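Hi there,

Here is the structure I promised to pass on to you. Have a look at it first, and then read on for what turned up in it.

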Amino acid sequence: MKHSERVYAIGDIHGRFDLFGRLVAQVARDNAARPIAKTQIVLLGNIIDRGPDAARMIKGCMQITASNDNLVVLKGNHEDMMADALGGNLTVYGHWLHFGGRETLLSWGVHPNVANGPATKDNLAAAAQAVGEEVVDWLQRLPLHHKHGPYLFVHAGIRPGVAIDEQEPDDFMWIEDEFLNYKMSHGFIVVHGHSLVGDKAVILPNRIGINTDAYTTDKLTALGIDNCSTWTLSTANGVSSEAYRMAPLTANSSTPSLCDAHHSLSSGA
């Protein structure tokens, strides 16, 4: 499949399949109201843990991604912990249980005595058997980033000044302040989740954050991207915000934005 022309990125879902279903319905209506275009949905990681429907999220995503490139699921820190824990790391398993893993195991039908019990080898083995090797393998193979034109989709962010192919995996999944406080251009616009942004998306010249803490606020947010325009959709109100055209990424007002430059190249201008 060639690069899609329109992309919808969705922030941290954390097992809230109810919100995910509502938001996808909004995305479908929004997409249908716009000019016909190849469309892709990118989930920015942390589709599991804390909420009650992690198993439903993973099973559905596994089924779709097995045969359809229109859905991309990135690896977040929670997916990484789950894969590491159920892959046999007892220390990580103990941390993961307190980090939302118990709810994920319960969603899989794991016995409460195991899910709510201590991090022992026997409980880990029972949990891993219930979830299955296929799921763990799928989690391990999830990509850490996805590129679309001048936009780079990741879970948490990137380390400033480091080439993408030289980034540490943990930076993609865990980085916070060093990335969030960086004001200069990365060479592309980073779309991310992980760090909480409050009631609505944070749209800055070099990054866009869309983790509106859906698990506790009931506000799951999507970012629509079509050429040089972006807009947001949220389960909070069911309507999109005004479209936003990316500003230049340098202080020099005569310098075109990355999005403008990409538009010129793609249009043959």
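Let's begin with a glycine: Gly187 sits in the loop that runs between α9 (177-180) and β6 (189-196). Please keep in mind as you look around that this is a predicted model. Is Gly187 buried, exposed or partly exposed? Its relative accessible area is 45%, and because "partly exposed" covers the range between 20% and 50%, Gly187 counts as partly exposed. Try finding Leu152 as well: Gly187 and Leu152 are 35 residues apart along the chain, and their C-alpha atoms are separated by 9.6 Å.

Next, the charged pairs. Side chains of opposite charge can pair when their charged atoms come close. How many salt bridges does the structure hold? There are eight, and I'll walk you through some of them.

One of them joins the side chains of Asp218 and Arg16, with an N to O distance of 2.9 Å. Asp218 lies in the loop between α10 (214-217) and β9 (221-226), while Arg16 lies in the loop between β1 (6-10) and α1, so this pair ties together parts that are 202 residues apart in sequence. The two partners also differ in how much of them is accessible: Asp218 is partly exposed, at a relative accessible area of 37%, whereas Arg16 is buried, at 12%.

Another salt bridge is made by the side chains of Arg159 and Asp171, again with 2.9 Å from N to O. Here Arg159 belongs to the loop between β5 (151-154) and α8 (169-174) and Asp171 to helix α8 itself, so the parts tied together are twelve residues apart in sequence. Arg159 counts as partly exposed, at 28% relative accessibility, and Asp171 is buried, with a relative accessible area of 9%.

Which other residue forms a salt bridge with Arg159? That is Glu178, and the closest N and O atoms of this pair are 2.2 Å apart. Glu178 is in helix α9 and Arg159 in the loop between β5 and α8, so to speak two distant parts of the chain, 19 residues apart, that the pair links. Glu178 is partly exposed, with a relative accessible area of 43%. Salt bridges with shared partners also join Arg16, Asp18 and Asp218 into one network.

Now for an arginine without such a partner. Arg207 lies in strand β8 (residues 207-211). Arg207 is buried yet has no salt bridge. The nearest side chain of opposite charge belongs to Asp177, 8.9 Å away, and a salt bridge needs the atoms within 4 Å, which means that this pair does not qualify. What does the side chain of Arg207 make a polar contact with? The answer is the side chain of His192, at 3.0 Å.

Finally, a pocket to explore. The second largest pocket has a volume of about 190 Å³. Its lining consists of 13 residues, and those nearest the centre are Phe20, Val24, Ile41, Ile64 and Leu71. Three elements each supply at least two lining residues: α1 (17-32), β2 (39-43) and α2 (54-65). Which element gives the most to this lining? It is α2, with five residues. Sorted by class, the lining of this pocket has nine nonpolar, three polar and one charged residues.

Happy exploring, and do write back with your questions!

Best wishes

Technical notes. Residues are numbered from 1 along each chain as its sequence is written. This is a predicted model: local features need pLDDT of at least 70, side-chain atom pairs count only at pLDDT 80 or more; totals for chains, interfaces and linings use all residues. Side-chain values use heavy atoms; hydrogens and water are left out. On a 1 Å grid over the protein atoms alone, a cavity is a set of points where a 1.4 Å probe fits but cannot get out, and a pocket is an open set with protein on both sides within 12 Å along at least five of seven lines; lining residues have an atom within 4 Å of a point. Grid points are joined across faces, edges and corners, and a volume is the space filled by probe spheres set on the points. Helices (H or I, at least four residues) and strands (E, at least two) are DSSP runs, numbered from the N terminus. Ala, Val, Leu, Ile, Met, Phe, Trp, Tyr, Cys and Pro count as nonpolar, Asp, Glu, Lys and Arg as charged, and the others, Gly among them, as polar. Buried means under 20% relative accessible area, exposed over 50%, partly exposed in between (1.4 Å probe, protein chains only). Lys and Arg count as positive and Asp and Glu as negative; His and the chain ends are not counted. A polar contact is a pair of N or O atoms within 3.5 Å; within protein, one must be able to donate a hydrogen and the other to accept it, and residues adjacent in sequence count only if both atoms are side-chain atoms.
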